[in-house]
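Please look over the sequence and the model below before reading on. The paragraphs that follow start from a single residue and work outwards.

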Amino acid sequence: MSSHTTNDNLSLSTFACAWCGLTVSAYAADGVPRNHCPSCLRSRHVLDHVEGGPSDCEGRMSPIAIAVLRTGDWMVIHRCVRCDELTSNPVCADDNQLILMRMAVRPLAQPPFPLEAFGTL
């Protein structure tokens, strides 16, 4: 096997984060495919989740929230900064836990209504 082939295979199994520049493995430590940076949790809009297949947008996807499925699995909710499409992607075991927790508690720390309203109920 030539070194050129090895480098091609390596480039197919990694990607550079468009936000923080980290070289990211396309697979998490447990072998699950990943599409976001484990450090900053940001992604690229490469899949069209409405029609399926590749997306022409290729905008940057910002993590905006955490969703917890009935199974207990956590999902990162991303919004494209270019076209505003929302996507959800599974949290990987090696994702930045501090950022995950910050997003998970944000609704409690910054509720969309005044907490004083609970005193009158």
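In which strand is the place of threonine 87? Threonine 87 sits in strand S6. The model is a predicted one, and what follows describes that prediction. Threonine 87 has a relative accessible area of 6%, so it counts as buried. Beyond its neighbours within four places in sequence, threonine 87 touches His49, Met61, Val76, Ile77 and His78. One of these contacts, histidine 78, is the residue that stands opposite threonine 87 across the strand pair.

That pair is part of a larger arrangement. S5 and strand S6 (residues 86–90) run antiparallel and are joined by five bridges. The two form a hairpin with five residues between them, and aspartate 84 lies in the turn. Phi of aspartate 84 is near 70 degrees, a positive value in a residue that is not glycine. Most residues other than glycine have a negative phi. Aspartate 84 belongs to the loop between S5 and S6. Is aspartate 84 buried or exposed? With a relative accessible area of 53%, aspartate 84 is exposed, because the cut-off for that class is over 50%.

On the other side of the hairpin, strand S5 (residues 74–80) is mostly covered, with five of its seven residues buried. S5 also pairs with strand S4 (residues 60–68): seven bridges join the two, and they run antiparallel. Within this pairing, isoleucine 66 faces valine 76 in S5. S4 and S5 form a hairpin too, again with five residues between them. The turn of this hairpin contains glycine 72, whose phi is positive at about 95 degrees.

S4 has a further partner in S3, to which it is joined by two bridges in an antiparallel arrangement. Here arginine 44 has arginine 60 in S4 as its bridge partner. Taken together, four strands make an open sheet in the order S3-S4-S5-S6, with antiparallel pairing. Its edges are strand S3 (43–44) and S6, each of which pairs on one side only. In a regular strand, side chains alternate between the two faces of the sheet.

Which residues make up the largest nonpolar core? There are five: Leu41, Ile66, Val76, Leu100 and Met103. Two of them, isoleucine 66 and valine 76, are the residues that stand opposite each other in the S4 and S5 pairing. Leucine 41 comes from elsewhere, in the loop between strand S2 (23–25) and S3. Its relative accessibility is 0%, and leucine 41 therefore counts as buried. Apart from neighbours within four places in sequence, leucine 41 is in contact with His36, Pro63, His78, Asp95, Asn96, Ile99, Leu100 and Met103. Leu100 and Met103 in that list are also members of the core. Leucine 41 has a positive phi of about 65 degrees although it is not a glycine.

Helix H2 (residues 97–109) also holds valine 105. Valine 105 is partly exposed, because its relative accessible area is 37% and that class lies between 20% and 50%. Valine 105 joins Met101 and Leu108 in a nonpolar patch on the surface, and the three together have about 300 Å² of accessible area.

Another covered residue belongs to strand S2, where valine 24 is found. Valine 24 counts as buried because its relative accessibility is 3%. Ten residues along the chain from threonine 14, valine 24 has its C-alpha atom 5.3 Å from the C-alpha atom of that threonine. Thr14 is also among the contacts of valine 24, along with Ser13, Phe15, Arg34, His36, Cys37 and Pro38, when neighbours within four places in sequence are left aside. His36 appears as well in the contact list of leucine 41.

The last step is the chain as a whole. The protein has two helices and six strands, and along the sequence they follow the pattern α-β-β-β-β-β-β-α. Of its 121 residues, 26% are buried. Among contacts between residues at least 6 apart in sequence, 33% join residues at least 24 apart. The accessible surface comes to about 8,200 Å², and carbon and sulfur atoms account for 57% of that area.

Terms used. Residues are numbered from 1 along each chain as its sequence is written. This is a predicted model: local features need pLDDT of at least 70, side-chain atom pairs count only at pLDDT 80 or more; totals for chains, interfaces and linings use all residues. Side-chain values use heavy atoms; hydrogens and water are left out. A nonpolar core is a set of buried Ala, Val, Leu, Ile, Met, Phe, Trp, Tyr and Cys residues joined through side-chain atoms within 4.5 Å. Buried means under 20% relative accessible area, exposed over 50%, partly exposed in between (1.4 Å probe, protein chains only). Contact means heavy atoms within 4.5 Å. Patches are made of residues with over 30% relative accessible area and no salt bridge: like charges are joined within 9 Å, nonpolar side chains (Val, Leu, Ile, Met, Phe, Trp, Tyr) within 5 Å. Accessible areas come from the Shrake-Rupley method with a 1.4 Å probe; for residues, only the protein chains shown count as cover. A salt bridge is a side-chain nitrogen of Lys or Arg within 4 Å of a carboxyl oxygen of Asp or Glu. Two strands pair if DSSP finds at least two bridges between them.
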